[in-house]
Amino acid sequence: MDYLFEELKTNYNLWHQTIEEMERLTNNLPKGHLSLRKRKGRTTVYQHILTEQNGEKRVIRKSLQGKPLNEIEDLLYRYRLQRTLPHLKKNMLRIERLLQTWKPKPEIKRGDDQELFLWLENERKKKSECFQSEKGAFSSSWKAKGKYQGKEILVEKWLREKASVFQNGKWIRDVFISGEEAAWHLEGLRHVTLDGSLRRSKSEVILDGLLREMGVAYVYERPLYIGNRRFLPDYTVLQPESLQPFFVEHHGLRSEEYERRNWEKEQVYRQGGIVPWSNLLYTYDLPDGTLDVRGVRKALQLFLN
C-alpha cells in the first residue's frame, strides 16, 4: 500500500468533512457582517445585511447597541468562516487533482511479513546505490554545487564504501567488512524523501533535503564500527575540504531510556575520536515536535566551511 497516497486520501476526506461542517454552521448563523463606528468617544457596532427587492440589491444597516453579546459573537464567527472557507476549498481542490493524477504502487500481498521486509530492504538498497546511475541522488546533488572539484574520484569511492571504521581515534579507510548485516528495524522506514528514499521521521526527511540543497556528499545509516561495536549514525557526511567524514545524529524522542542509550553511545563515540562540534553534530526536535531548519542549516555550514 502506498503510504503517502493513503495519507493524502485521509486528509482529503477530513478536509471535505470540515468544509461541509463549516458551511452548515455558516448557513445557521445570522446573516450579514459587522462594522464599528466611533463618534464623540462612543463606539457603536452595526450589522450590515444584503437584501434584494424587485431585483434591486440593497444593504441595510442596523445598530446592535444593547443587543446580547452572543449575537455579535455569532456574526463575527460567521465572518471568520466566510474568510476561511475559500482557502480551504482551494487547497482541497489541489489535493483532489493530485489524487486523480497519482499512480500509487500496487499493494504487495505476501504470506509472510518477513518477505515484505526483505522486499523493503532490497528497495532501500536500490535507493542507497542510486549514485551509480547518471541521475543518482548523491552524484546529482554534490556535483551540482561544485564543492568537490578535482576530488570527484575520491568522493565516488567514498560513496561506494560499505562502512566507516574508527580505530585509535582515527578514521580508517578501505576496510573490508565481510558479510551483509540486516538493516535495523526496516518497518520504521516509512517517510519518503524527494528522491523516493525512506527515512524514519519527518525531521530526517527535512535534514535530507537540507543536505541535498547544500550540495554535499552524504549517506544514510551507514554502519560505523568502533572497536567491536557497531552503530548506525543517521547521516555520514563528507567534509569537502578535508575529505573526512562527520556525523549527524538527530534526537527526536525524549524518554529517559532513549537519553541513557544516547549518553552511552556518546561515550563510545568519544573513545573512537568522534566528538560533538568536531566531527559530530546533534540536532533536536523542539518541544512542540518541529525542527528549527534555519538553526540546523547554520550548524551544518559550520561543519562544511
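I began with a term: helices and strands here are DSSP runs, numbered from the N terminus. With that settled, I found Glu221 in the loop between β8 (218–220) and β9 (224–226). I also noted that this is a predicted model.

**Entry 1: the whole chain**

I looked up the overall make-up and found 8 helices and 13 strands. The chain has 305 residues, and 36% of them are buried. I then checked the contacts with a separation of 6 or more, and 56% of these join residues 24 or more positions apart.

**Entry 2: two loop residues with positive phi**

I went back to Glu221 to look at its backbone. Most residues other than glycine have a negative phi. Glu221 has a positive one, near 50°. Is Glu221 buried or exposed? I found a relative accessibility of 7%, so Glu221 counts as buried, the cut-off being under 20%.

I met a positive phi again at Leu243, near 55°. Leu243 sits in the loop between β11 (235–238) and β12 (245–251). I noted that Leu243 is buried too, with a relative accessible area of 13%.

**Entry 3: helix α2**

I followed α2 from residue 69 to residue 101, which makes 33 residues. From first C-alpha to last, α2 reaches 49 Å, close to the 48 Å expected at 1.5 Å a residue. Where does α2 bend? I found the bend at Thr84, by about 25°, with a proline, Pro86, following within four residues.

I also listed the buried residues of α2: Ile72, Leu75, Arg78, Leu81, Leu85, Leu88, Met92, Ile95 and Leu99. I was glad to spot an arginine, Arg78, in that list.

**Entry 4: α6 against α8**

Next I turned to a pair of helices. Two packed helices are described by the angle between their axes and the distance between the axes. For α6 (residues 202–214) and α8 (residues 293–304), I noted that the axes come within 11 Å and cross at roughly 45°. That angle makes α6 oblique to α8. The crossing is right-handed.

Which residues make the contact? From α6 I wrote down Ile206, Leu207, Leu210, Leu211, Glu213 and Met214. From α8 I wrote down Val293, Val296, Arg297, Leu300, Gln301 and Leu304.

I stayed a little longer with Leu211, which lies in α6. Leu211 counts as buried because its relative accessibility is 2%. Beyond its neighbours within four places in sequence, Leu211 is in contact with Val216, Tyr218, Tyr235, Val237 and Leu300. Val237 is 26 residues from Leu211 in sequence, yet their C-alpha atoms are 8.6 Å apart.

**Entry 5: α7 and the loop after it**

I looked up Lys265 in helix α7 (residues 256–271). Is Lys265 buried or exposed? I found 17% relative accessibility, so Lys265 counts as buried. Leaving out residues up to four places away in sequence, Lys265 touches Phe231 and Glu249.

My last stop was Ile274, in the loop between α7 and β13 (280–284). Ile274 has a relative accessible area of 0%, so I put it down as buried. What does Ile274 touch, not counting residues up to four places away in sequence? I listed Phe166, Leu224, Ile226, Phe247, Tyr269, Asn279 and Leu280. Of these, I looked further at Ile226: it is 48 residues from Ile274 along the chain, and 9.8 Å separates their C-alpha atoms.

Definitions and conventions:
Residues are numbered from 1 along each chain as its sequence is written. This is a predicted model: local features need pLDDT of at least 70, side-chain atom pairs count only at pLDDT 80 or more; totals for chains, interfaces and linings use all residues. Side-chain values use heavy atoms; hydrogens and water are left out. Helices (H or I, at least four residues) and strands (E, at least two) are DSSP runs, numbered from the N terminus. The expected span of a helix is 1.5 Å times one less than its number of residues. The bend at a residue is the angle between axes fitted to the seven residues ending there and the seven starting there. Buried means under 20% relative accessible area, exposed over 50%, partly exposed in between (1.4 Å probe, protein chains only). Axes are lines fitted to C-alpha atoms, for helices over the stretch in contact, and angles run from 0 to 180 degrees between N-to-C directions. Angles under 35 degrees count as roughly parallel, over 145 as roughly antiparallel, 65 to 115 as roughly perpendicular and the rest as oblique. A crossing is left-handed if the near helix is turned anticlockwise from the far one by less than a right angle, and right-handed if clockwise. Contact means heavy atoms within 4.5 Å.
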